[in-house]
Amino acid sequence: MFISGVIRNKRMGRTVTGVLCCCLIFCMLFSSCGTGEVERFTMPVMDGESVGASAEPTENPDTEVRGVWIASVYNINYPSKAGLGAKELASELDDIIATALETGLNAIYFQVRPSGDALYDSDIFPVSEYISGERGKECDGGFDALAYLVKHAHAKGIKVHAWVNPLRVTVGSASAPLTDVNDLPENDPARKNPELCVAYADGRLYYDPGMPEARELIAAGCREIAEKYTVDGIIFDDYFYPSPVYTEKNGAQVLAEFDDSVSYKKYGNGTELDDWRRENVNKMVKLCYDEIKAVRDNCLFGIAPFGIWQNDNGVNGGSDTAGMESYSSIYCDSLAFVEGGYIDYIAPQIYWSFSTSVARYDTLVRWWNSKVQNTGVDLLICHGVYRYEDMDEPDEEILRQIQFARSELAYKGSIHYGYASVKNNTKGLADELKTAYSAKMVYDAPRDNGGTFVISTPQSGTYTEESSTYLIGSANTADTVIFNGEKVSLTKSGCFSVHTELQLGKNVITVTCNGKEYEHIIYRTEPSVGGYTVMDRFEVRSVSPHMRTTVQSGNILELSCTAPAGSTVTAEVGGKTVTLLPVLGNVGSEPFIAELYRGTLELDTADSIESLGKVVFTAERGEYGASCEGGEIRVLGKGYCIPVTVKNDYAHLKVSPESSFYDDYTPQVVGMTEYAVGEEDGYWLLSMGGYISVDDTEASEAVAYPTRGGLRQMLQTTDGKHTVFYIKSPEKPAISAELNGTSLIFTLHNVQVTDTTLTRDTSSPVVENAALYYNGETGNSEVRLTLLDEKNFYGFEFGYEQVQGVPIIRISLNDSPTLKQGDKPLEGKRIVLDAGHGGDDPGALGAFGAESGKNEADINLAIVLKLREKLAALGAEVILTRDSDITLELEDREKMLLELDPDLVMVVHQNSMPYSADITKIRGIAAFYCADSGKLLADAVSDELSAALGRDFYEPRWLTLMMCRNHRFVSALVETGFMTSVEEYERMLTEEGVETTAEGIKNGILEFYSRASDF
């Protein structure tokens, strides 16, 4: 909250703007009221029964803390206004307790001393004006808010921590200062001992922690609370020395001074002022801790410091941030409290989001965890839920923050500031908390888990061209891991990750675990540049064409091969010889440097089809000589073609022999008949321009190119599950489809429409309009469909049939799928689940190493097995591509899908990042589709899984995925987390993580069917 932008201050509830938004200004005012000896404050000993005595909650002390701050300053949260009657005051506390219970919260952090006053029965501090209406005035009927809250919250199993602002005496402002102690009640300790106070330029009065008597006063107040009330803890927030403010001087803004010159002169003893101030705070905190523990050892003492201790300057061990530093701005060295062992828990106020570039939430949580882990101090995280008021779309930010923090070794819970946002369920905040806190969680104290130190990835000895790399590994949770001189943050199972720069050449990276050094070697190489290949002997290789090739008469035959540089290379076929010329121009001292040679040969005309025999490539250079035989060359006469008919279903119709499936035409079905006008590399070149494998077809004798019959009439109908289009056609042309928005076009290649009549005997749940059209520019016919919605699309298929002796083309679109009523909504659905990787392919490695059985393939399978149970329980027929750790090639998985013809395919993987990525900041869910029919499924699964896991998600997008490319059914792939994010990885390994992930995917599948039904 001390960074550029508009930030709301936690306790003041006001909005301020600027680069240092919440920084208040120092001043040189010093109260001269009162002289003489300073009154000494001794720790009171209380007699009789404690005012707030009540049974403490018996919940396991290691249960996750789920707290909320209740601010009384300015009547932000309680009471709603000053001067209420006892009944109203009690009622509002009852409502706070009820809200906490309803939201799943189990701890209330109640502000009992907002400014040198008390919302409890104190013999030291006056009654707060925020509850009675006037400082020092008794509440109606002597109502004791803290005693009431402790009694009734404990009765409901809710813990209560007394929130104390230790040094602030008044809450004036620069424009309306409250710095005169004479305005305070006569029995106010600040009025009785003004020497303990310093007025500051922010208009407020502060106790000076440089005065031992002031520290004793604060400690006496803490002891009084612990002695009178069975509170579960006492907590200070981040108000120590005042936040710096600027004042105008000679037309310029200058930093105001906090005038503690008297105490510094008396007690500074030559220490640097900044160090002395920090030590004053340390002494005060330790004294409070000692006094609390002297009364009740089970009363916890905690600090909620500002979220940034120091920004990293390369030597101070600070966080990778760029905000205000509590260490130098308010003289709070919160790490000293941890290292000194005089707090039980620390709760840094990390009120930023994952996307706050200068103070990322995840960066700070990891940093605090690294400093707190294995110290005996618990780590709580304070979340700024009040920010939801100003967010347009919070995107479940707090839920994601909680889920992330839960993985950290020292983390024991969260405290939420912004009670009103919780109470009002602002932007769904309360619903998020209910989700986050739906199940009880217990965090045992970190202890030896038997783990051993390992750096799992990248392997030592790895070569990379990148300028940086990450290291992922694991250690015993009782161990201390040091990297670059700093403790490394561990997860609850001991996983860690770091990111480091690399120099060119050999990099010896040293990581220390419990004093033992481990060296990890990474080689950084120069980016690869062009070079040449050295052959081990004089030979001709890599000849083209190397398979039977058919070329039309009069066309050019392209020839190429690889042979040693400096050779004379020729190719001979059909009695003709052509010299091939070098292309690369390679030279060097080695004897057999590989060179590419190319040439062309014009072919004579032929009747029908004629074979010229095989092409022979020859290379000669001095005493050396070699030859190699290529493929058979055939010449196809002009006007002739070779009829080819598809014999294998899902035959790939390619743009070129080398093209990717994802750039190709739609796969063809059995019966498609086209006319080949050429052949190369095992593919027929069809007259429509595409290529199809010789192995997928049956070829006839060459014939004169025929006249192709025309298409006639189109009928739209339904079979109850599909919208079907029938087109009369004497031909079985190649068909391809393309979806662009809501426009779906089926191209029927090389056939003409002679009758475009359309008959629609039924409406369609997926198609709004349809037309049969002839495209004169391309010579192709088109079935043009307009979908009701681009996501209301679930796949299609086509084929060739005979209906009452009439040959037809059948194009069938899957209608919107629906769920059955009752407890078996997926009955009748065939769902295939594919667990990525397996067997010899473990996928991405986890933090425990290749042999751990905790790698991507294992996680994918665990999720799929659990998901199968859930879907089967809903009535689905569930088939797994693999149900054990076996090697299964992608091609074999794809064949299974063709045979099974499922309604839906869900592929489960985990994500990972290249070595150069800073993986400490990359995590989340990613869903993908390839066939357009998978868009809606990818969206639904992404939404539901993100909600279930409380995890970031990337917008679903198209990706080249073999398992999701079939156009006949709905399919999507989800990467449920990043293997390279140790927090996400760790959760994937847990039973709860697998269960929640499977539940989220299941809900996503149900949501897909629900959204489809809505169309």
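Q: What makes the span of helix α10 (residues 361-372) close to the expected one?
A: α10 has 12 residues and runs 16 Å from its first C-alpha to its last. The expected span of a helix is 1.5 Å times one less than its number of residues, and for α10 that is given as 16 Å, so the two agree closely. Helices here are DSSP runs of H or I with at least four residues, strands are E runs of at least two, and both are numbered from the N terminus. Keep in mind that this is a predicted model: local features need pLDDT of at least 70 and side-chain atom pairs 80 or more, while totals for chains, interfaces and linings use all residues. Residues are numbered from 1 along each chain as its sequence is written, and side-chain values use heavy atoms, with hydrogens and water left out.

Q: Is α10 mostly covered or mostly open, and how do you know?
A: Mostly covered: 12 of its 12 residues are buried, meaning under 20% relative accessible area (over 50% is exposed, in between is partly exposed; 1.4 Å probe, protein chains only). Among them are Y361, R366, W367, W368 and K371. Just after α10 comes N374, with a positive phi near 60 degrees.

Q: Why is A174 called buried or exposed?
A: Its relative accessible area is 60%, so A174 lands in the exposed class. A174 sits in the loop between β5 (159-164) and α4 (189-192). Leaving aside residues up to four places away in sequence, A174 touches A201, D202 and G203, where touching means heavy atoms within 4.5 Å.

Q: What makes R784 count as a charge over a ring?
A: The rule asks for NZ of Lys or CZ of Arg within 6 Å of the ring centre and within 35 degrees of the ring normal. The charged end of R784 is 3.7 Å from the centre of the Y773 ring and sits over it. R965 does likewise with F661, also at 3.7 Å.

Q: How do you know which strands are at the edges of the sheet β48-β47-β49-β52-β50-β51?
A: This open sheet has six strands and mixed pairing. β48 (877-880) and β51 (953-958) each have a single partner strand, so each has one side without a neighbour in the sheet. The twist averages 20 degrees from one strand to the next.

Q: What makes β49 and β52 a pair, and in which sense?
A: Pairing takes at least two DSSP bridges, and these two share seven, in the parallel sense. One of them sets V905 opposite S971. β47 (residues 830-835) also pairs with β49 (residues 904-911) in the parallel sense, over five bridges, with V832 partnered by V905. β50 (residues 925-929) and β52 are antiparallel, with three bridges, and F928 has L973 as its partner.

Q: How do you know that β52 is mostly covered?
A: Nine of its nine residues are buried. Helix α17 (residues 982-989) lies across β49 and β52, at about 110 degrees to β52; the angle, on a scale from 0 to 180 degrees, is between N-to-C directions of axes fitted to C-alpha atoms, for helices over the stretch in contact.
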